[in-house]
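In these entries I note what I looked up, beginning with a pair of helices and then moving on to the sheet and the cores.

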Amino acid sequence: MAKLTLPQACFLIHHKIPLSQVFDATGLKKKEYREVMKDLGMVIAIGLNPCTSRERHTLKDKYGHCVQCKTNNLAFQKRFNESGFIYAAKSENLGLIKIGTAKDTAQREYSLNNFGYGGGSDWKIHFAKQCNKYGRIEFEAHQGLMPHNVHRSYWKQDSLVDCNELFDCKVELAIQTIEKVISQHQN
Ligand SMILES: [Zn+2]
């Protein structure tokens, strides 16, 4: 189980990385978390061994490299201004909402359920819209929904893993928030 520290949270905000791209890789081997992170569109892994620098950072990319020592080749910086789908998904069992971005939403829905993301395996994407700068839209939509942000821990195989990016709100509110952010960027 891995929790973000305050300096880590500040690093993520500074680099405009939404929590939906942070994956708790506790207990997974490199090959395993690399594949899952690719499927789920995750950029940052936590819960791994610290880097070898004096600061002993624990934010890694999907290859296990420290992103705090080397920020210049981070994937999110490349994707921040790309176009793709922003989506809002809901798990009825959990009663929670997930907002994320994907190139292929059907594939993402499958991956979320296949992995059992957040402890749910009934994720359904209720809304998806193609937009430019989807990384930016996602980040701002997350900021807008922060008052509804909830933290969940769940068992994945033998590890208790953390999920910091789910929202306890109506799917309509999530959709409204996304639409509002998109419209702000169209002007
Ligand atoms: Zn480092």
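Entry one, helices. I looked first at helix α2 (residues 30–40) and helix α4 (residues 105–115), whose axes come within 8 Å and cross at roughly 140 degrees. Angles over 145 degrees would count as roughly antiparallel, so I wrote down α2 and α4 as oblique to each other. On the α2 side I found Val-36, Asp-39 and Leu-40 making the contact, and on the α4 side Ser-111, Leu-112 and Phe-115. Sorting the residues of this contact gave me four nonpolar, one polar and one charged. I keep in mind that this is a predicted model.

Entry two, sheet. I followed five strands through an open sheet and noted the order β5-β3-β4-β7-β6, with antiparallel pairing. At the edges I found β5 and β6 (149–156), each of which pairs on one side only, and I noted that the twist averages 40 degrees from one strand to the next. Between β6 and β7 I recorded seven bridges, and for Val-150 the bridge partner in β7 is Leu-166.

Entry three, helices on the sheet. I saw that α5 lies across β3, β4 and β5, and that α5 runs at about 160 degrees to β4. Helix α6 also packs on the sheet, where it touches β3, β4, β5 and β7, and its direction makes about 165 degrees with that of β3.

Entry four, cores. Which residues touch the most other members of the largest nonpolar core? Among its 23 residues I found these to be Ala-88, Ile-97, Ala-141, Ala-174 and Ile-178. A second, separate core has 19 residues, including Ile-17, Leu-19, Leu-28 and Met-37.

Notes: Residues are numbered from 1 along each chain as its sequence is written. This is a predicted model: local features need pLDDT of at least 70, side-chain atom pairs count only at pLDDT 80 or more; totals for chains, interfaces and linings use all residues. A nonpolar core is a set of buried Ala, Val, Leu, Ile, Met, Phe, Trp, Tyr and Cys residues joined through C-beta atoms within 7 Å. A residue is buried if 20 or more other C-beta atoms lie within 10 Å of its own, exposed if 12 or fewer, and partly exposed in between; C-beta atoms are placed from the backbone. Axes are lines fitted to C-alpha atoms, for helices over the stretch in contact, and angles run from 0 to 180 degrees between N-to-C directions. Helices (H or I, at least four residues) and strands (E, at least two) are DSSP runs, numbered from the N terminus. Angles under 35 degrees count as roughly parallel, over 145 as roughly antiparallel, 65 to 115 as roughly perpendicular and the rest as oblique. Two residues are in contact if their C-beta atoms, placed from the backbone, lie within 7 Å. Ala, Val, Leu, Ile, Met, Phe, Trp, Tyr, Cys and Pro count as nonpolar, Asp, Glu, Lys and Arg as charged, and the others, Gly among them, as polar. Two strands pair if DSSP finds at least two bridges between them.
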